[in-house]
Amino acid sequence: MRRTVRLRLTLLYSGLFLVAGALLVALIYFLVEHSPFPGPPGAPSPPGGHELPVTAPRLAIEEEQNANLRRLLVNSLISLAVMAFASMLLGWLMAGRVLRPLGDMTATVRRITADRLDRRLAASGPDDELKELADTFDELLDRLEAAFTAQRRFVANASHELRTPLTLQRAMTEVALTDPEADAASLRAVLERLLAAGKHQERLIEALLTLARSQQGLHHRESFDLAVITAHSLDHHDQPQERTQEQVEERAQRGHHDRDRAQDQERRVRIEPALGPAPASGDRALVERLVSNLLDNAVRHNVPGGWVSVATAVRSGRPVLRVSNSGPVIPPDRVHTLLQPFQRLETGRKAGGDGLGLGLSIVAAIVQAHDGVLDARPRPDGGLDVTVTLRP
């Protein structure tokens, strides 16, 4: 027979009742036989202190008392057996009533699959431990559904981002091969474009690997100074890349020349560092990527003649990095979107141009892996204010 929780509760309740009943019967029998309270006074003793001989009436009284004690014991044991059976029956029924919500939860959980995460337990009834368990499980399902949805969206966007340059490379190669009048210069231009597309794919794959690594958590920790890492990133921060004449002409034909000039202007911003000591611990390589992504995002999405403020300090015993920048006005309800992979403010969809659309999502994943706090807020006059708090 399967030892279910209901059966175990029934046996527990019945066993406790049986033990308590047996102790009660023994106590009653002891008190009746050895009562601490005085009984009625007996017959007076004769003069001289001699006891009267035991008479037949006195023997009959003692035998009757013994018989009454035996009947009391037998009747008590019979009553205890009946009440033990009744307690088992009542315990079984009450245990089933109490555990009925668990049966409903089990049936609902069995219907939940990776494709049907929208089901919830939605337990009703009193606010007890079972309802608290159901609510906690529903919160877990909410997080799982959000994670599965984000994963599916991420895979779809990543597949699209990887498929687009591959299709472009294939098209350029087929055009070059089918052109009978292609000379060395035109073939060289095609190869340069293929090389640029390959570098873009390398950057995208590296960013995807960094994002996946961040989401897996930390495998080791080391001590470092957040101010030193930030200063190193500022010294080696990427400047606008120079393009060959062929790339400029090719992008101008595609209508990208003006945008490239605007992006180059946006990158020429004023950087205002205020770096104070900020001892921290974690994965140094990931933190370096975090700082680099924040700086790159602040410079890339700026305005001509804008500024970027970078500060490190210790607040409430925890290292803090704050990066603020001027730029276009960001609606408050779009900040959360910017932290998702392949999302940009311009279209709310996939990244384009030189950006990959993964910068802030990698930052959010690295902060989560370090058990830190990421606070991103839009500035009233434009731009973004990002504060990262790590563990000391």
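Reader: Hello! Helix 10 caught my eye; at about what angle does helix 10 run to strand 6?

Author: Welcome! Keep in mind that this is a predicted model. Helix 10, made of residues 359-369, lies across two strands, strand 6 and strand 7. Its direction relative to strand 6 is about 145 degrees.

Reader: How far apart are the axes of helix 8 and helix 10?

Author: Two packed helices are described by the angle between their axes and the distance between the axes. For helix 8 and helix 10, the angle is about 145 degrees, and the crossing is left-handed. Their axes are 9 Å apart.

Reader: Which residues of helix 10 make the contact with helix 8?

Author: From helix 8, the contact draws on L286, R289, L290, N293, L294 and N297. Sorted by type, the residues of this contact are 8 nonpolar, 3 polar and 1 charged. On the side of helix 10, the partners are G359, L360, I362, V363, I366 and V367.

Reader: Now to the sheet: which strands stand at the edges?

Author: Let's follow the strand order. The sheet is open, has 5 strands with mixed pairing, and reads 2-4-5-7-6. Each edge strand has a single partner, so one side of it is left without a neighbour in the sheet. The edge strands are strand 2 (270-275) and strand 6 (373-378).

Reader: And in strand 4, what is the bridge partner of A274?

Author: Strands of a sheet pair through backbone hydrogen bonds, either parallel or antiparallel. Strand 2 and strand 4 (residues 307-315) pair in the parallel sense over 6 bridges. In strand 4, A274 has as its bridge partner A311.

Reader: Which strands does helix 8 touch?

Author: Helix 8 packs on the sheet, and its direction makes about 20 degrees with that of strand 5. Strand 5 is one of the strands in contact with helix 8. The full list is strand 4, strand 5 and strand 7.

Reader: Is there empty space inside, and what is the volume of the largest cavity?

Author: Rolling a probe the size of a water molecule over the atoms shows where empty space is left. Here there is 1 cavity of 30 Å³ or more. Its volume is about 40 Å³.

Reader: Which element gives the largest share of the lining of that cavity?

Author: The lining consists of L294, N297, A298, V323, N325, L360, L384 and V386, which divide into 6 nonpolar, 2 polar and no charged residues. Helix 8 (284-300), strand 5 (318-325) and strand 7 (384-389) each supply at least two of them. The largest share, 3 residues, comes from helix 8.

Key
Residues are numbered from 1 along each chain as its sequence is written. This is a predicted model: local features need pLDDT of at least 70, side-chain atom pairs count only at pLDDT 80 or more; totals for chains, interfaces and linings use all residues. Side-chain values use heavy atoms; hydrogens and water are left out. On a 1 Å grid over the protein atoms alone, a cavity is a set of points where a 1.4 Å probe fits but cannot get out, and a pocket is an open set with protein on both sides within 12 Å along at least five of seven lines; lining residues have an atom within 4 Å of a point. Grid points are joined across faces, edges and corners, and a volume is the space filled by probe spheres set on the points. Helices (H or I, at least four residues) and strands (E, at least two) are DSSP runs, numbered from the N terminus. Ala, Val, Leu, Ile, Met, Phe, Trp, Tyr, Cys and Pro count as nonpolar, Asp, Glu, Lys and Arg as charged, and the others, Gly among them, as polar. Two strands pair if DSSP finds at least two bridges between them. Contact means heavy atoms within 4.5 Å. Axes are lines fitted to C-alpha atoms, for helices over the stretch in contact, and angles run from 0 to 180 degrees between N-to-C directions. A crossing is left-handed if the near helix is turned anticlockwise from the far one by less than a right angle, and right-handed if clockwise.
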